[in-house]
Every structure is written in structure tokens, then in C-alpha cells.
Protein chains: 2
Amino acid sequence: MGIRKIQSTLLAAALLLLTACAGPVLRGTGDLGVIIERATGSVQIVDSSKLVTISSVKGLGDLSHASLVYSRDGRYAYVFGRDGGLTKVDLLRGQIERRVMQAGNSIGGAISQDGQLVAAQNYAPGGVKVFSAETLELVVDVPSSYGDAGLRSKVVGLADAPGNRFVWSLFDAGEIWVGDFSEPMKPRIEKFKNIGIQPYDGLITPNGRFYLAGLFGEDGMALVDLWHPEQGVRRILNGYGKGEEKLPVFKMPHLRGWAVAGRYAYVPAIGRHEVLILDTETWLEAGRIQVAGQPVFVIARPDGRQVWVNFAFPDNGNVDVIDVEKRSVVKQLAPGKAVLHMEFTPRGEAVWISARDDNRVVVYDTANFAQRSVLAAESPSGIFFTSRAARIGF
Amino acid sequence: MGIRKIQSTLLAAALLLLTACAGPVLRGTGDLGVIIERATGSVQIVDSSKLVTISSVKGLGDLSHASLVYSRDGRYAYVFGRDGGLTKVDLLRGQIERRVMQAGNSIGGAISQDGQLVAAQNYAPGGVKVFSAETLELVVDVPSSYGDAGLRSKVVGLADAPGNRFVWSLFDAGEIWVGDFSEPMKPRIEKFKNIGIQPYDGLITPNGRFYLAGLFGEDGMALVDLWHPEQGVRRILNGYGKGEEKLPVFKMPHLRGWAVAGRYAYVPAIGRHEVLILDTETWLEAGRIQVAGQPVFVIARPDGRQVWVNFAFPDNGNVDVIDVEKRSVVKQLAPGKAVLHMEFTPRGEAVWISARDDNRVVVYDTANFAQRSVLAAESPSGIFFTSRAARIGF
């Protein structure tokens, strides 16, 4: 064959070589995580073994109050933006795999037990939309219609439960809905009404049995035993602030990343500088712990020996560490300005804490509280590790 | 340049192209698992989402009674062979990364909380050897020497605990050792003596707080509260078989994959057709459940609503499913001949069961007990999913 022909073939081969082999490094996904950068609509993908950022992904829209869930294989993050954007991010390639605008105002989501369905909870239009985890195509839309006036409620507290169920609360309606999505196109929805005034968030116990909705309109929580829905909704912690002036609430507490340590659960008291201790055997209050401010996140170290708490303004530069046996704060930390979230490594040797206004994420050793690392991030908020994919209710 | 030169260059480029790009597919590791094929010294790497085998790895030596742990990133399995072989398997490439012969007779291992250390428990020479998870180089050797006669005990029941600790039992010495490997080269070992006759296996509660050693030489278990080692060892379930003839024991029960469901733990009774219910608040017996044979593995579905049990010969073709509320067997399954192990998917929608003498692994839907899939395997024994990397005591 002629020189030119050969040269062009050679060139083609070389190009093919480049493109075909310029793929990302082969690696496990078990120690990956994502940091939400709320101001810039971007996320950082981090390695919790080496304590480094491995890539950054832009173009996720409004990420204020954003959260995410992980695909069953830990490769993809489904990021729920405040603007209704749902973005599937490929952690290995460090790029957006798919993105849809699914609502006007959204507030988080969940992934089904079998990993097939991703559900988004929306404020406007109010309801839950369920998508294919693979394609992000809409599978079914469940509007949060209530009453007779054709109103739709804001949806909050969406969580996954065993049996491919999702559970969520209707803020405006004061209802809890349990949806069985075993047949995704025809979900069976069970509605619990008059559960209390303004459920603002919900959580499910680590075993997936109990769903609790926190009430903003009154002191107390609504409890559903998902093993026995026929028993209806039970009111717990009723009137925990009775007779006392509630402080102005600058930030809603979050229940999702709640704390269950052994027999007891630790939940934020609204408008109070207290963490409430709940006995999960009786669901009665078992005590209170004074903390530095109004709790936002109350999260147990995976071994349940410590509970870490961050706070609303003006105490949002502090983190309190509670010893669950002493039932008191044993350590106070100041990771930076505007601490928004804390995430423990899967087995709890370290915790990652975002300090939004100092544009950094601080990693602490939970055994001795030493700073192990500081990562730069643009107004970091939520931090999420892929180990969530293997947990119920995350 | 000359035709020949060009042609050889072209050939070289083509070869380079082939080798460089023949790498494995990019994928998450969160839904991977390994099936031990004990007869052939091989393992299958499986995908628990697609329910398929993705590769097979040979050359792991004697895998009778083999077990494994996972690297922090979920990419590597550390397989402990009965012959003392320790093999680091790369799940993504489907090949052996490293392999060392570290003892003459070994019986399993554990990985430290920080993922840096892999520990093997050995019968001969008796002791615990700790290796670098990265290189498999020996970090420190802790012989199980006891008494004054220079004897070394068989080591059993090795488990990881928070604080980069390992805990294990000395079968011949009747001792429990707690080793703090925060400084790997100089571990601090605390020894508990006279804990009972012939501890045969041990386990740690899911929160990493309590270590329990099962006793073969007497009816009972030895309990250590790792939050309060100063309290010493406590005997529990003492004389649970008192006054009754013990059946001949054809197979030792395994405690590692034990069942804690809510407040209660479910443990196999030795030489009896019973599962014992332990109250983890009081550590007193809370009841017994009659089952089809002598229990080997007693494992809770991740949501804790069911406990699945397999059995020793001659009942080793059965699996009983216990409802924890009814405290009775609600379903009996016959997955095949010689059922050796059961592994639940991380969030419990399915369970994988190995039937050694039928050379198959059967996957059941835990909601309706339907068979979802059957995989062919050569004398399959242990099944392990990568989600174990994120759990304490696995």
C-alpha cells in the first residue's frame, strides 16, 4: 500500500488509541462521597480514604437545600435541586449522566429498596414524582391533593421503607402517606389524616419499621409503625415545650440524618436549646440534653457512643459532641462559620463537617477530635458518602 | 521511512491499542459480591443487581471454611483460606492482586476500622497476624501464647471493633484478647482469662460495643462490654441446656453473621434444635424458638423482621424463616443439598443461599419467598457482598 495510506492509517490508529484509553481510572466506589456546593450549583466528588477531592461537576442548578441519594452500585448520585432539577451524576467519570427539570420547587428525595425507583418530593406542584433510576423517565406522579378545594400540599419527610415503599408527609394537610411501589405504575397509597399541624420533616428508624414526622405547628411528633399500619398514627413527645416560650426558629431542624444509638433516639427540640431523648421501646421521652443552641442535625456516630449536633443561627459555628452514657456534652468544636452538615465515614472513625461561610470542609478523627484534613469548597452544604446506598431510610 | 519500518510501527501501535484498551468495564462496586467455591479453590464475582456472575478467579488454594473481608473502597476482597493463604482479589479486574501464605492452618480474619490493617486468625501456628491491607506485608504478629508451658492456642472469633481494635478468643486457653492497633507496630493487648471452656466462635454487636464468645465446652456465652472492659467478662445464657442430653454436634454453629433484630439477639443453641433469644438490654434469655435442626447460621434480614436459619447435617437441606414478632417459623424452604451460607442484599429485598451439593446458589425474594434466580457454582460455600465493608464487626 502507498505511504500516504499507511500514514493515515497510522494516524487513525494513534487517535483511536488516545480516545479509547483516555477513560477514568478504575477504582472502587465504596469510599467515595459528594459535597454539595450550594452557591455555585456544583458538587465535589471526594475520596474518604485519601481525604482528597477527585473531581468537580458543574451545572446542577440551584443547590440550596439540595440532597441526594445513591444508586445501588454506588456509582451514581441522584441530586435533588431546590429548583426542581434532578441530576444523575456519574462519580467515576466526574460528569452529569442525565438531568431533568421535574418540578418548580423541590426538597429532596429517596431511592427504593430495590434501587429501581428514584422519588422526588415537591413543594410546587405539590406531590411525589417517581422516576426510573436508570433513565430518569417518569414512572408515576402522585399529586399531594387533599381536602375538597382541589389543593395540593407541600411534601416533606420522604423516606424509603422495606417492601419497595416510600413514606412522606403533607405539610399543609397534616397527613402521612405510605406508598407501596411494588408495582411501580400502580402504587397502593395508604393515607393517614389529622396526624398533627404542619409536619415539617420525617425520618424512618434504621430498621425501616417506624416513621416519625416532626410537627412544626405543635410540640410533638407523629409515629407510624409500618409493621402495623392498621394501628394508625400515634402522637409522641406531646407538648414537650408546654408552658414555656418557644424561641424564634431561624432554621428548621432536619430529622433525616437522625440519631438512634442503641435503644434511644436523639431528636432536636424545636425552638429550644435541647436534644430530646426518645426511648424507642416505649416512645416516651427519656430525658433532655442541654446544648449550645437550637439543634439542626443530631447525628449518632455509627457505633452509637457519641451524638454530634450542629445548630441554627446564631450558634451555627459550633458543634457539640454528646456522650450517650453521660448524657451530656463532652466536647465542643468550632469547625468554621455556618456549619451546615456532618457526615460520618461508614464505620465512624472520622466525620466530615461543612462550614459554608469559611468555604471549607473539616475532617475530624472521632476518637481524639484531631483535625485530619481541611478541604476547600465553595459554600459547602450537604456531604453524602456512598455507603448510604446500603442503608434503609437514607 | 521504509515500508517495513512503517508496517512494524503500525503493528506496534495496533498491539498497544489492544493491550491498553482491553481493560475491564467501568462500574460501581456497591452491588458486587463474592461466592466461595470451596472444592475448586476459586471464587465467583457476582452482581447482585443483575443477578449474574461477572467473573471467576482461580488459584486461591484450600477454600474449605474460607471467609473474606472487603477493602474500604469495596474493590478488593481479602480471602482467608484454610491452608493459611491470604489472597487479595481485585473484583474489577477479576484477578488476584496479591497472595501470601501466612500460616499453616487459618480460620478467617477481619479488617480494621480505618481499612489499613487486615488481620488473620490462625490455628497453627496459633495467633493473629496483622498485614498491610495495601501490600499484604506483615505489620505485626501476635502469638496466642498462654500458660507456662509455652503453648499456643487456636484463635477463633476474630472481629473488628471501633478504635481500630481487634477482638479474638483463644479456644484452648479459654481467653478473650482485645487488641488496640491504633499504633499498628505496638498493639496494646488486654487479656481476659478464665472466660469459659473452649470458646469456639465470637461476634460483635452491630454497634461494636459488645463482644460475645460462644462456648463449646459448656452451655453459655462470655460477654465483654468494650465500652467498659474494666468490668471484665460476664457469663450469660449459663446452663441453657441444663439437665438435658446434648445431641451429637456434627457442625459447629457460626456466630459471625449473627442476628440482632431491634432489642433482641438470636443465637444458635449448640446440640439442640433451638434458637435462643437474648435480650440485649439485660443479656438474659428472653425465649426459645423450635427449628428444624441444629442451627448453623442465624441471620436477621436487614430490617430485623425475619430471622433466617440454616442447619447442620442431617437437616442441612432446609432453611427456616422466623417471624420475630410471632417468635415462630413462618416459612420453610429447601434451596438444595447442603445449605452452607446465606447472605442478604444490603437493604434486604433478597437473600442469596448456597447449596453446596447441588452446585448452585439460589436467590430468594424475601417479601414473597419467590425464587428470583439460580446461579451455577462449584460447591459454593460462603457468599459475601461488598456492603460488608461499611459495617462494624463484619
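Student: Okay, buried means under 20% relative accessible area, exposed means over 50%, and partly exposed is in between. With that in hand, is B:R209 buried or exposed?

Tutor: Keeping in mind that this is a predicted model, B:R209 counts as buried, because its relative accessibility is 16% and the cut-off for buried is under 20%.

Student: And where along chain B is B:R209?

Tutor: B:R209 sits in a loop of chain B, the one that runs between β18 (199–204) and β19 (210–215).

Student: Which residues does B:R209 touch, leaving out those up to four places away in sequence?

Tutor: Within chain B, B:R209 touches B:V224, B:D225, B:L226, B:W227 and B:H228, and from chain A it touches A:E325. With one of these, B:D225, the side chain of B:R209 also makes a polar contact of 2.7 Å.

Student: So there's a chain A residue in that list. How many residues does each chain put into the contact between chain B and chain A?

Tutor: Chain B supplies 53 residues to the contact, and chain A supplies 53 residues as well.

Student: How much area is buried between the two chains?

Tutor: The size of an interface is often given as the accessible area lost when the parts come together. Between chain B and chain A that area is about 4,700 Å², and carbon and sulfur atoms give 57% of it. On the chain B side, the residues that lose the most area to chain A are B:L26, B:R72 and B:R347, which together make up 20% of what that side buries.

Student: How many salt bridges and polar pairs are there between the chains?

Tutor: There are eight salt bridges between chain B and chain A, and the count of residue pairs in polar contact, both at pLDDT 80 or more, is 33. Turning to where the chain B side comes from, helix α1 (residues 3–21) of chain B gives the most to it, with nine residues. The residues on that side of chain B divide into 22 nonpolar, 14 polar and 17 charged.

Student: Which chain B residue pairs with A:R347 in a salt bridge?

Tutor: That partner is B:D160, and the closest N and O atoms of A:R347 and B:D160 are 2.9 Å apart.

Student: What about A:D73, is that one buried or exposed?

Tutor: A:D73 is buried, because its relative accessible area is 15%, and it lies in the loop between β4 (67–70) and β5 (76–80) of chain A. Not counting residues up to four places away in sequence, A:D73 touches A:T29 in chain A, and B:G28, B:T29, B:G30 and B:D31 in chain B. In addition, A:D73 and A:G115 are 42 residues apart in sequence, with their C-alpha atoms 8.8 Å apart in space.

Student: Back to salt bridges. How many turn up over all chains?

Tutor: Searching the whole structure gives 53 salt bridges. One involves A:K186 and A:E183, whose closest N and O atoms are 2.7 Å apart. Of these two, A:K186 counts as exposed because its relative accessibility is 55%, whereas A:E183, at 39%, counts as partly exposed.

Student: And which parts of the chain do A:E218 and A:R235 link?

Tutor: Their side chains meet in a salt bridge of 2.8 Å, N to O. The pair links distant parts of the chain, with A:E218 in the loop between β19 (210–215) and β20 (221–225) of chain A and A:R235 in strand β21 (residues 233–236), 17 residues apart. A:E218 is partly exposed, with a relative accessible area of 22%, and A:R235 is partly exposed too, at 31%.

Student: Which residues are linked in a network of salt bridges?

Tutor: In chain A, such a network links A:R27, A:D31, A:D47 and A:K50.

Student: Last topic, strands. Why is β8 of chain B described as largely enclosed by the rest of the structure?

Tutor: Strand β8 (residues 105–111) of chain B has seven residues and six of them are buried, so the rest of the structure largely encloses it. This strand pairs with strand β9 (residues 117–124) of chain B in the antiparallel sense, over five bridges, and B:G109 stands opposite B:A120 in β9(B).

Student: How many residues lie between β8(B) and β9(B) in the hairpin?

Tutor: The hairpin has five residues between its two strands, and in the turn B:G115 has a positive phi of about 75°.

Definitions and conventions. Residues numbered from 1 in each chain as written. Chains lettered and ligands numbered in written order. Predicted model: local features only at pLDDT ≥ 70, side-chain atom pairs only at ≥ 80, totals over all residues. Heavy atoms only, no water. Buried < 20%, exposed > 50% of the residue type's maximum accessible area, 1.4 Å probe, protein only. Helix = DSSP H or I, 4+ residues; strand = E, 2+ residues; numbered from the N terminus. Pairing = 2+ DSSP bridges. Salt bridge = Lys/Arg side-chain N within 4 Å of Asp/Glu carboxyl O. Polar contact = N/O pair within 3.5 Å; in protein donor to acceptor, adjacent residues only side chain to side chain. Contact = heavy atoms within 4.5 Å. Buried area = accessible area lost by both parts, 1.4 Å probe. Nonpolar A, V, L, I, M, F, W, Y, C, P; charged D, E, K, R; others polar.
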